[in-house]
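This report describes the arrangement of strands and helices in a predicted model. The sequence and structure are shown below.

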Amino acid sequence: METNGKAAAFLAAAASNGRGRLKLYIGAAPGVGKTYKMLTDAQQMKKEDIDVVIGVIETHGRSETAAQIGNLEQVPLLEINYKDRPFHELNVEGILQRAPKVVVVDELAHTNIPGSKHVKRYQDVMELLDVGIDVLSAVNIQHLESVHDIVQTITGVRVNERVPDLFVQQADEIQLIDATPETLQKRLREGRIYPSHRIQKSLQNYFQLTNLAALRELALREIADEVDEKLERQNGADYRGPLGVHEKILICVQHVDTAERLIRRGYRMANRLNAELYILHVIRDEFTDKEKVDYIRQLCTTFYAHFLLHKSKKRVANAIVLEAKKHFITQILLGQSARTRWEEVWKGSIVNTIMRQTYNIDIHIVADQQSVH
């Protein structure tokens with residue numbers, strides 16, 4: 001359970017910009033305890049006299065989760081008739097009228113029934129946040145849009161209900177709710193995740209130990225990356241450069257004849273460091289060499305790198321500095337300079353310019369490959 005201080009800090013930050021704060025509880029698989037922890041935090045808020053209500057909660061028949069609801073106020077769900085059947089969805093208008101400080105919205109990736117105000121539940125949440133209501137919500141890692149293909153490869157299951165990465169990136173706080181694969185299998189066998197008739201099939205499919213271990217690893221990595229990036233976005237300027245918690249390598253490519261060699265070198269470094277790879281090409285005149293740009297762009301695709309095309313009449317060094325700061329680069333790869341000594345005196349050394357204008361960035365010079373006679 002979070003301390004009183006954490007709950008107070010969460011709410012205090014919300015008042016600073018008028019927009020509601022979003023806290024996400026993310027897990028690797030059903031049954032890790034996301035909804036239970038979310039309700040536990042809501043109960044703690046209620047004890048602190050914070051106006052918190054339940055918008056929608058899914059207990060999935062789990063008695064421990066249902067018991068955790070306790071005396072929390074629940075806004076009645078909205079009933080929608082579709083194909084002569086009644087369905088119940090999050091009552092956005094009812095929550096807006098009730099105007100609580102905090103609302104609990106479970107199953108973030110849920111697709112609303114036709115006739116609802118929005119197509120997806122995360123869009124309902126966006127509306128609540130926009131009017132200043134704080135939201136606690138839960139989702140499993142397999143519902144994140146960017147990992148869809150990875151999850152399908154791991155489990156063989158196509159996940160249709162997904163949440164855009166951009167929405168998750170806007171969360172003010174993310175809490176990973178973790179459980180080992182062995183613990184999840186034990187909970188499943190005890191009937192604490194699914195009804196008895198679903199247990200054996202789940203153990204043979206989605207809840208295999210190898211699947212759960214891979215999903216857990218995926219969740220740990222994704223959340224760690226998201227936290228690192230948020231830390232850089234919020235505090236990078238205070239440190240005048242990257243914090244170094246998340247390695248990012250920038251390869252500066254100007255000439256086609258050295259592009260592949262530079263990129264291969266950077267790719268190997270990125271693999272060893274588990275780093276993101278960026279490739280920068282600077283255009284300094286009005287006439288873009290489309291063939292060269294297309295070639296470098298194709299190399300980016302081949303080596304799984306982000307392509308940065310910078311158009312500027314300023315010196316190349318200044319463009320490199322600008323992009324490095326913008327993307328919180330931690331390491332820069334440059335080819336050996338072809339400038340003469342006189343050119344360096346007259347125009348300035350690219351390396352020296354970068355070093356003067358950046359902080360906490362390592363610079364690597366890749367020597368030219370010369371033929372042996």
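## The five-stranded sheet

In this predicted model, 5 strands form an open sheet with parallel pairing, in the order β11-β10-β9-β12-β13. Its edges are formed by β11 (306-311) and β13 (362-366), each of which pairs on one side only. From one strand to the next, the twist averages 25°.

Within this sheet, β9 (residues 248-252) pairs with β12 (residues 331-335) in the parallel sense, over 3 bridges. Leu 250 has Ile 332 in β12 as its bridge partner. Helix α11 (residues 256-273) packs on the sheet and touches β9, β10 (276-283), β12 and β13. The direction of α11 makes about 175° with that of β9.

## Helix α12 and its two faces

Helix α12 comprises 13 residues (residues 290-302). From its first C-alpha to its last, α12 reaches 18 Å, close to the 18 Å expected at 1.5 Å a residue. Tyr 304, which follows α12, has a positive phi, near 55°.

Which residues of α12 are buried? They are Val 293, Ile 296, Leu 299 and Cys 300. Because these residues cover an arc of only 120° around the axis, they lie on the same side of α12. The buried residues of α12 pack against α11, β10 and β11; α11 also touches β10 as part of its packing on the sheet. On the face of α12 turned away from the buried side are the exposed residues Lys 290, Glu 291 and Thr 301.

## The six-stranded sheet

An open sheet of 6 strands is also present, with parallel pairing and the order β3-β2-β6-β7-β1-β8. Strands β3 (73-74) and β8 (173-177) are its edge strands, and each pairs on one side only.

Strands β6 (residues 102-105) and β7 (residues 134-140) run parallel and are joined by 4 bridges. Val 105 stands opposite Ser 137 in β7.

## Helices on the six-stranded sheet

Helix α2 (residues 34-47) packs on this sheet, where it touches β1 (22-27), β2 (52-56), β6, β7 and β8. The direction of α2 makes about 165° with that of β7.

Helix α5 (residues 121-130) lies across β1, β2, β6 and β7. Relative to β6, α5 runs at about 175°. Strands β1, β2, β6 and β7 are thus listed among the partners of α2 and are also those across which α5 lies.

Methods:
Residues numbered from 1 in each chain as written. Predicted model: local features only at pLDDT ≥ 70, side-chain atom pairs only at ≥ 80, totals over all residues. Heavy atoms only, no water. Pairing = 2+ DSSP bridges. Contact = heavy atoms within 4.5 Å. Axes fitted to C-alpha atoms, helices over the stretch in contact; angles between N-to-C directions. Expected span 1.5 Å × (residues − 1). Buried < 20%, exposed > 50% of the residue type's maximum accessible area, 1.4 Å probe, protein only. Arc of directions from axis to C-beta.
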